[in-house]
Amino acid sequence: LYIIDTNGAIQALTNPGPDYSDTTADIYFSSRDNRYKAIFSRTHIPTNRKRLFFINADGTGETSMVTKDIHDDEDLPVVSHDGRLVAYRASRFSADTIFEAVRIMTVDDWRPVSEIKLQMPDQLNIRGIGWSRSDKRLYVSMETSDVSDVQYTEERAELFSVKLDGSDHKRLTRNQVPDYWPNGIPCSPGFWRFLCALADVITGE
């Protein structure tokens, strides 16, 4: 992983080594350590196992593992706008088990908050996770089972909205275009608040 500042300077953030690959990261402010950090997914290439880690956002210090889950893969971490929670994908695929869910935990102390298993037809493959502008809901991109006549499986990705406890499940898109990496942007004063109010009606915010 690399960090690029506003002047275009590039700095290596992690050095995973030959047997590992670092992907899907987000930046958050650690109130416990009073500094910015990065949470990211690290893949062990020989086994394809994925775990969440964190490190100082300037690349200093030790890389630390977030969870000790030995059963599920973990990736796609995204921190809420207020910096209190992180959502990520947990999955397990084997000959006798197919499992995929969105998990939420607190930042810094990494306590589990909830696990969300989405409803049909959005059940095939989580492509991206994002927070609503108020952090009251999650947006999830998933390949769906009811989009047909597409050339690539990625074109089945649709957007869904759900509360943090997994309730009030809403579908936001229905098309044959890949819908990835959703995110809600906090509103600015003035005319934009009108657009936010309109978006709230659509997304269930």
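Begin with the rings: the model holds four aromatic pairs, where rings of Phe, Tyr and Trp (its six-membered ring) pair if their centres lie within 6.5 Å, and planes under 30 degrees apart count as stacked, over 60 as edge-to-face and the rest as tilted. The model is predicted, so local features need pLDDT of at least 70 and side-chain atom pairs count only at pLDDT 80 or more, whereas totals for chains, interfaces and linings use all residues. Residues are numbered from 1 along each chain as its sequence is written, and side-chain values use heavy atoms, with hydrogens and water left out.

**Stop 1: Tyr28 and Trp110**

Select Tyr28 and Trp110, an edge-to-face pair with 6.0 Å from centre to centre and 85 degrees between the planes. Tyr28 belongs to strand S3 (residues 20-30), and Trp110 to the loop between strand S9 (98-106) and strand S10 (112-116); the pair thus links distant parts of the chain, 82 residues apart. Helices (H or I, at least four residues) and strands (E, at least two) are DSSP runs, numbered from the N terminus. Both Tyr28 and Trp110 are buried; that term means under 20% relative accessible area, while exposed means over 50% and partly exposed lies in between (1.4 Å probe, protein chains only). For Trp110 the relative accessibility is 12%. Add Phe54 to the selection, and one aromatic cluster of Tyr28, Phe54 and Trp110 is displayed.

The backbone of Trp110 also merits inspection: its phi is positive, about 55 degrees, although the residue is not a glycine. Most residues other than glycine have a negative phi.

**Stop 2: Phe40 and Phe53**

Select next Phe40 and Phe53. Their ring centres are 6.1 Å apart and their planes stand at 20 degrees, so this pair is stacked. Because Phe40 lies in strand S4 (residues 35-44) and Phe53 in strand S5 (residues 49-56), the pair ties together parts 13 residues apart in sequence. Phe40 counts as buried at 0% relative accessibility, and Phe53 counts as buried at 12%.

Which residue lies over the face of Phe53? It is Arg42, at 5.2 Å from the ring centre. A charge sits over a ring if NZ of Lys or CZ of Arg is within 6 Å of the ring centre and within 35 degrees of the ring normal. A further example is found at Phe99, where the charged end of Arg92 sits over the ring, 5.2 Å from its centre.

In the loop between S4 and S5, select Asn48. Asn48 has a positive phi, near 65 degrees, in a residue other than glycine. At 44% relative accessibility, Asn48 counts as partly exposed.

**Stop 3: Thr106**

Move to Thr106 in strand S9, which is buried with a relative accessible area of 10%. Its side chain is joined to that of Asp109 by a polar contact of 2.3 Å, such a contact being a pair of N or O atoms within 3.5 Å; within protein, one must be able to donate a hydrogen and the other to accept it, and residues adjacent in sequence count only if both atoms are side-chain atoms. A polar atom of the Thr106 side chain also lies 2.9 Å from the backbone nitrogen of Arg111. Leaving aside neighbours within four places in sequence, Thr106 is in contact (heavy atoms within 4.5 Å) with Arg84, Leu85, Arg111 and Val113.

**Stop 4: the nonpolar cores**

A nonpolar core is a set of buried Ala, Val, Leu, Ile, Met, Phe, Trp, Tyr and Cys residues joined through side-chain atoms within 4.5 Å. Select Ala87, Val102, Ile129 and Leu138, which touch the most other members among the 15 residues of the largest such core. Two or more residues of this core come from each of strand S7 (73-79), strand S8 (85-93), S9, strand S11 (125-131) and strand S12 (137-143). Beyond residues up to four places away in sequence, the partners touched by Ala87 include Leu76, Val78, Ile104 and Trp131. Apart from this core lies another, of 14 residues, among them Phe54, Val86, Ala90 and Ala101.

**Stop 5: Thr173**

Select Thr173, in the loop between strand S14 (170-171) and helix H1 (191-203). At 17% relative accessibility, Thr173 counts as buried. Its side chain makes a polar contact of 3.0 Å with the side chain of Asp179.

**Final view: the whole chain**

Display the entire protein, which has one helix and 14 strands. Buried residues make up 41% of its 205 residues.
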